[in-house]
Amino acid sequence: MISQLDLAREFFKKNPNRDIKTAEAVDWLETEFEDRTGEIFRDAPRAIRTLGQQGFLIKVSKGIYRYDPELEHKRELEDFTPKQKAEILKRDGYKCVVCGLGSEHGVELQVDHIKPKDKGGLAELSNGQTLCGKHNYLKKNFSQTETGKKFYIRLLELAEKDGNTELIEFCRDILKTFEKHDINGHIIWED
């Protein structure tokens, strides 16, 4: 019997280099799995996310994935080598680029892909950054731009509470730039 992950791989391999909404894949997976096995495919969206986390799929945006056969054969090129990690840590001054904390503060440092591997990010020095464990965890749960937008929304709220007009104007300009370029439109803020 075919596994649920193998069936999901089969679907995406049959649809290479195409941006596919999760709903389309889920519909096919649930129907095909039941036809082949007589059983129900439990949590098809999770299987798709798992393939993205494993690097088999590229997460194009929220709920949209792509299978690129060329990248599948280059997965090993996407992990930083120990030498690259050392260079990135040195370049970033052995401190988290977000909070500035380092080993001397008891913080575990990690080398992170700015553009994640599951979105096609490669192991190049320009795509690496030093993050503390906390900020790397936050980035994994929200994309870098989601984290940034949420940060500026919160900073705007604090600036408004404090009546800091200069900071209010700055945050609004940044948030308008997010909107202008249609970055993370699912995170709403009121101007």
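Biologist: In which sense do β1 and β3 pair, and over how many bridges?
Modeller: This is a predicted model. In it, β1 and β3 are paired strands, and their sense is antiparallel. The number of bridges between β1 and β3 is two.

Biologist: Which residue of β3 is the bridge partner of K21?
Modeller: Strands of a sheet pair through backbone hydrogen bonds, either parallel or antiparallel. K21 has its bridge partner in β3. That partner is I64.

Biologist: How many bridges join β2 to β3, and which residue of β3 stands opposite K59?
Modeller: β2 and β3 run antiparallel, and three bridges join them. K59 has a residue of β3 opposite, and that residue is Y65.

Biologist: Which residue takes a positive phi in the hairpin of β2 and β3?
Modeller: The hairpin has two residues between the strands. A positive phi near 80 degrees occurs there, and the residue that takes it is G63.

Biologist: Which strands stand at the edges of the sheet?
Modeller: The sheet is open and has three strands, in the order β1-β3-β2. An edge strand has a single partner strand, so one side of it is left without a neighbour in the sheet. The edge strands are β1 and β2.

Biologist: How far apart in sequence are the parts that D19 and R66 tie together?
Modeller: The side chains of D19 and R66 meet in a salt bridge, at 2.7 Å from N to O. D19 lies in the loop between α1 and β1, while R66 lies in strand β3. The pair therefore ties together parts whose separation in sequence is 47 residues.

Biologist: Does D19 count as buried, partly exposed or exposed, and what about R66?
Modeller: Buried means under 20% relative accessible area, and exposed means over 50%. D19 has 41% relative accessibility, so D19 counts as partly exposed. R66 has 25%, so R66 also counts as partly exposed.

Biologist: Why do the buried residues of α3 line one face of the helix?
Modeller: The buried residues of α3 are A44, A47, I48, L51 and G52. Seen down the axis of α3, they fall within one arc, so they line one face of the helix. That arc is 145 degrees.

Biologist: Which residues are exposed on the other side of α3, and what covers the buried ones?
Modeller: The cover of the buried residues includes α1, α2 and β3. On the other side of α3, the exposed residues are R46 and Q53.

Biologist: Which residue forms a salt bridge with R46?
Modeller: The side chain of R46 meets its partner at 3.2 Å, N to O. The partner is partly exposed, with a relative accessible area of 37%. The partner is D43.

Biologist: Which residue just after α3 takes a positive phi?
Modeller: Helix α3 covers residues 44–53. Just after α3, a phi of about 90 degrees appears. The residue is G55.

Biologist: Is A25 buried or exposed, and which residues does A25 touch?
Modeller: A25 lies in helix α2. Its relative accessible area is 0%, so A25 is buried. Not counting residues up to four places away in sequence, A25 touches F11, F12, I20 and I48.

Biologist: How many helical turns separate R154 and E157?
Modeller: R154 forms a salt bridge with E157, with the closest N and O atoms 3.5 Å apart. An α-helix has 3.6 residues a turn, so residues three or four places apart point the same way. R154 and E157 are three residues apart in helix α7, so their separation is about one helical turn.

Biologist: How many salt bridges does the structure hold, and which residues do shared partners join into one network?
Modeller: The structure holds eleven salt bridges. Some of them share partners and so build one network. The residues in that network are E10, K14, E32 and R36.

Biologist: What is the radius of gyration of the protein, and what does the globule rule give?
Modeller: The secondary structure comes to eight helices and five strands. For 191 residues, the globule rule gives 16 Å. The value for the protein is well over that, so the protein is more spread out than a compact globule. Its radius of gyration is 20 Å.

Biologist: What share of the residues counts as buried?
Modeller: The C-alpha atoms fill a box of roughly 60 × 45 × 25 Å along the principal axes. The protein exposes about 11,900 Å². Of its 191 residues, the share that counts as buried is 35%.

Key. Residues are numbered from 1 along each chain as its sequence is written. This is a predicted model: local features need pLDDT of at least 70, side-chain atom pairs count only at pLDDT 80 or more; totals for chains, interfaces and linings use all residues. Side-chain values use heavy atoms; hydrogens and water are left out. Buried means under 20% relative accessible area, exposed over 50%, partly exposed in between (1.4 Å probe, protein chains only). Helices (H or I, at least four residues) and strands (E, at least two) are DSSP runs, numbered from the N terminus. The arc is that of the directions from the helix axis to the C-beta atoms. Contact means heavy atoms within 4.5 Å. A salt bridge is a side-chain nitrogen of Lys or Arg within 4 Å of a carboxyl oxygen of Asp or Glu. Two strands pair if DSSP finds at least two bridges between them. The radius of gyration is taken over C-alpha atoms; the globule rule is 2.2 Å times the number of residues to the power 0.38. Accessible areas come from the Shrake-Rupley method with a 1.4 Å probe; for residues, only the protein chains shown count as cover.
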